[in-house]
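Here are my notes on the model you sent, as numbered points. They start with one aromatic residue and its contacts and move outward to the whole chain.

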Amino acid sequence: MEYSTIHSIFTMVLFVAFIAFVIWAYSKKRKTDFDQAANLVFDDEQKAQQKTKQESDHE
């Protein structure tokens, strides 16, 4: 095989992998997982506020 043929095949494999990744990322089944991951930062803030409130209640 020539270098250009191997390069073309590799390009097509990468293109198919990219399309598969985009379909996976935007599928409806993944929305709840991504929403949950996006809100993890806020969960940490709420836990910190609850901990601070509990500590002030004990004083």
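1. F34 is partly exposed in this predicted model, because its relative accessibility of 35% falls between the limit for buried, under 20%, and that for exposed, over 50%. The charged end of R30 sits over the F34 ring, at 5.3 Å from the ring centre. R30 itself counts as partly exposed, with 24% relative accessibility.

2. The whole structure contains two aromatic pairs. In one of them, F21 and W24 have ring centres 5.7 Å apart and planes at 35°, so this pair is classed as tilted. That angle is outside the stacked class, which requires planes under 30 degrees apart, and outside the edge-to-face class, which requires over 60. F21 and W24 are both in helix α1, with a spacing of three residues, or about one turn of the helix.

3. W24 also pairs with F34, and here the geometry is edge-to-face: the centres are 5.7 Å apart and the planes are at 90°. This pair links distant parts of the chain, since W24 belongs to helix α1 and F34 to helix α2, ten residues apart. W24 is partly exposed, with a relative accessible area of 40%. Through these ring pairs, F21, W24 and F34 are linked into a cluster.

4. How many salt bridges does the structure hold? There are two. R30, the residue whose charged end sits over the ring of F34, forms a salt bridge with D33, with 3.3 Å between the closest N and O atoms. D33 is partly exposed at 34% relative accessibility.

5. The other bridge joins K31 to D35, whose closest N and O atoms are 3.1 Å apart. Both residues are in helix α2 (residues 31-38), and their spacing of four residues is about one turn of the helix. D35 counts as partly exposed, its relative accessibility being 35%.

6. A nonpolar patch of about 620 Å² lies on the surface, formed by M12, F15, V16, F18, I19 and I23. One of these residues, F15, is located in helix α1, which covers residues 3-25. F15 has a relative accessible area of 48% and is therefore partly exposed, the exposed class starting over 50%.

7. What share of the 59 residues counts as buried? The value is 0%. The accessible surface of the chain is about 5900 Å², and carbon and sulfur atoms account for 63% of that surface.

8. The chain has three helices and zero strands, in the order α-α-α along the sequence. Helix α3 spans residues 40-58.

9. On confidence, the chain has a mean pLDDT of 84, and 75% of its residues reach 70 or more. Among its elements, α1 has the highest mean pLDDT, at 96, and helix α3 the lowest, at 68. Please keep both values in view when the helices are discussed in the text.

Key. Residues numbered from 1 in each chain as written. Predicted model: local features only at pLDDT ≥ 70, side-chain atom pairs only at ≥ 80, totals over all residues. Heavy atoms only, no water. Patch = residues over 30% accessible without salt bridge, like charges linked within 9 Å, V, L, I, M, F, W, Y side chains within 5 Å. Areas by Shrake-Rupley, 256 points an atom, 1.4 Å probe, with all protein chains shown as cover. Salt bridge = Lys/Arg side-chain N within 4 Å of Asp/Glu carboxyl O. Helix = DSSP H or I, 4+ residues; strand = E, 2+ residues; numbered from the N terminus. Buried < 20%, exposed > 50% of the residue type's maximum accessible area, 1.4 Å probe, protein only. pLDDT = per-residue confidence, 0-100. Phe/Tyr/Trp six-rings, centres within 6.5 Å; stacked < 30°, edge-to-face > 60°. Lys NZ or Arg CZ within 6 Å of the ring centre and 35° of its normal.
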